[in-house]
Amino acid sequence: MIERIIILENADPASFYGVNNCNMSLIRNLYPKLRMAARGSVIKVIGDESETECFEKKIRELEEYCVKYNRLTEDVILDIVKGEQPHDKRSDGAIIFGVNGKPISARTPNQQLLVDTFQKNDLTFALGPAGTGKTYIAIALAVRALKNREARKIILSRPAVEAGEKLGFLPGDMKDKIDPYLQPLYDALEDMIPAVKLKEYMETKVIQIAPLAFMRGRTLNDAIIVLDEAQNTTTHQIKMFLTRLGMNAKMIITGDATQIDLPRSTTSGLLQALHILKGVDGIGKVEFGKKDIVRHALVQRIVEAYEHYDESMKDIKKSVTDTAADNGTNDIPTLS
């Protein structure tokens, strides 16, 4: 009789063991000759050498499945223990599987284009209106690269700019002050990575979320880097961020040119970067439109209404300008 200690290195224990340890109960029933105990990420098993060796091999296969799909069911356990290949029809086209095994996949042609462009380029710009899934797909691609060990860490960043209002002084330490600006990034991660595993990744700096101001001086190697809300960067900020790209790293820049929250006198770094980097090899660009909006159906109608309003205001301003020019005066009324 020997004792083996098996450590679940990547799988979330809660997903692996199942509700009320139902998965472990099934595994115990499938191996009646072995004595086993599970606590945290450690499984201890006692039995004959050949049987414990076979048990460890099957546990590793189950762990691999659990890491990929973020869930483990009784049917899957039975298939793997019997030596059969489990098949999940939901895996077709999925980028990754989120919490509780929810498949996360491209839902529009442009979202799929973002997936393909990311594979081909080291720097990808994803541009479009609110609700098109730019940030969500970008973070899903980063999580997939981490799970597939194509990268060692994920760096997520955002400029700390208020959306048209001043929040004043925020209470707490530095993390408490910047977290409100970064909450959309946390929301996406919580959909894709179990809470215990996400906390571990954050504590060990495998996943880092930081405001743009903290990026200066860093060289980001072996990483997937995502800059969200890039339309709110200044020209100096985006140049600084783009030059952080290190070896074996990829970068995704997302933004919406219609939602710039910078002062009117400040040029958006995103718009300038798109102009300067146009045609540079190794840089891809995906433009999303109204048809790519995957939020509530009303969001698409809201975006369309605002676009119609902006076009009508341009026509009015042009008409007023032409009238003033015909009258030989520079006095142009202000339109709000």
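Me: How are α3 and α4 oriented to each other in this predicted model?
Reply: Helix α3 covers residues 49-69 and helix α4 covers residues 74-81, and the two pack at an angle of about 140 degrees. Angles over 145 degrees count as roughly antiparallel and those from 65 to 115 as roughly perpendicular, with other angles outside the parallel range left as oblique. The angle of about 140 degrees therefore makes α3 and α4 oblique.

Me: How far apart are the axes of α3 and α4?
Reply: Two packed helices are described by the angle between their axes and the distance between the axes. For α3 and α4 the angle is about 140 degrees. The distance between their axes is 10 Å.

Me: Is the crossing of α3 and α4 left-handed or right-handed, and which residues of α4 make the contact?
Reply: The crossing of α3 and α4 is right-handed. On the α3 side the contact is made by K58, E61, L62 and Y65. Their partners in α4 are V76, I77, I80 and V81.

Me: How many residues in the contact of α3 with α4 are charged?
Reply: By class, the contact of α3 with α4 holds 6 nonpolar residues and no polar ones. The charged residues number 2.

Me: Where is N70, and is it buried or exposed?
Reply: N70 sits in the loop between α3 and α4. Its relative accessibility is 7%, and the cut-off for buried is under 20%. N70 therefore counts as buried.

Me: What is the phi of N70?
Reply: Most residues other than glycine have a negative phi. N70 is not a glycine, yet its phi is positive. The value is about 60 degrees.

Me: Which loop holds K205, and is K205 buried or exposed?
Reply: K205 lies in the loop between α8 and β8, the latter spanning 207-211. Phi of K205 is positive, near 65 degrees, in a residue other than glycine. With a relative accessible area of 54%, against a cut-off of over 50%, K205 is therefore exposed.

Me: How do α9 and α10 pack, and what is the orientation that follows from the angle?
Reply: Helix α9 (residues 235-242) and helix α10 (residues 269-276) have axes 7 Å apart. The angle is about 60 degrees, and the roughly perpendicular range runs from 65 to 115, while roughly parallel needs under 35. The pair α9 and α10 is therefore oblique.

Me: Which residues of α10 meet α9, and how many of the contact residues are charged?
Reply: The crossing of α9 and α10 is right-handed. From α9 come T235, I238 and L242, which meet G269, L270, Q272 and A273 in α10. By class, this contact has 4 nonpolar and 3 polar residues, and the charged count is none.

Me: Is K197 buried or exposed, and which backbone oxygen lies 3.3 Å from a polar atom of its side chain?
Reply: K197 is found in helix α8, residues 195-203. At 6% relative accessibility K197 counts as buried. Leaving aside neighbours within four places in sequence, K197 is in contact with E9, N10 and D12. The backbone oxygen 3.3 Å from a polar atom of the K197 side chain is that of E9.

Me: What is the C-alpha separation of I6 and V42?
Reply: I6 is in strand β1, residues 2-7, and at 0% relative accessibility I6 counts as buried. Beyond its neighbours within four places in sequence, the contacts of I6 include V42, F55 and I59. I6 and V42 are 36 residues apart in sequence. Their C-alpha separation is 5.8 Å.

Me: Which residues does T117 contact, leaving aside its neighbours within four places in sequence?
Reply: T117 is found in helix α5, residues 109-120. At 9% relative accessibility T117 counts as buried. With those neighbours set aside, the contacts of T117 are T124, G284, K285 and V286.

Me: What separates the C-alpha atoms of K291 and N110?
Reply: K291 is in the loop between β11 (283-287) and α11 (297-326), and at 78% relative accessibility K291 counts as exposed. Neighbours within four places in sequence aside, K291 is in contact with T108 and Q300. K291 and N110 are 181 residues apart along the chain. Their C-alpha atoms are separated by 9.3 Å.

Me: What share of the residues in the protein is buried?
Reply: The protein has 11 helices and 11 strands. Among contacts between residues at least 6 apart in sequence, 70% join residues at least 24 apart. Of the 336 residues, the buried share is 43%.

Definitions and conventions
Residues numbered from 1 in each chain as written. Predicted model: local features only at pLDDT ≥ 70, side-chain atom pairs only at ≥ 80, totals over all residues. Heavy atoms only, no water. Axes fitted to C-alpha atoms, helices over the stretch in contact; angles between N-to-C directions. Helix = DSSP H or I, 4+ residues; strand = E, 2+ residues; numbered from the N terminus. Left-handed = near helix turned anticlockwise from the far one by under 90°. Contact = heavy atoms within 4.5 Å. Nonpolar A, V, L, I, M, F, W, Y, C, P; charged D, E, K, R; others polar. Buried < 20%, exposed > 50% of the residue type's maximum accessible area, 1.4 Å probe, protein only. Polar contact = N/O pair within 3.5 Å; in protein donor to acceptor, adjacent residues only side chain to side chain.
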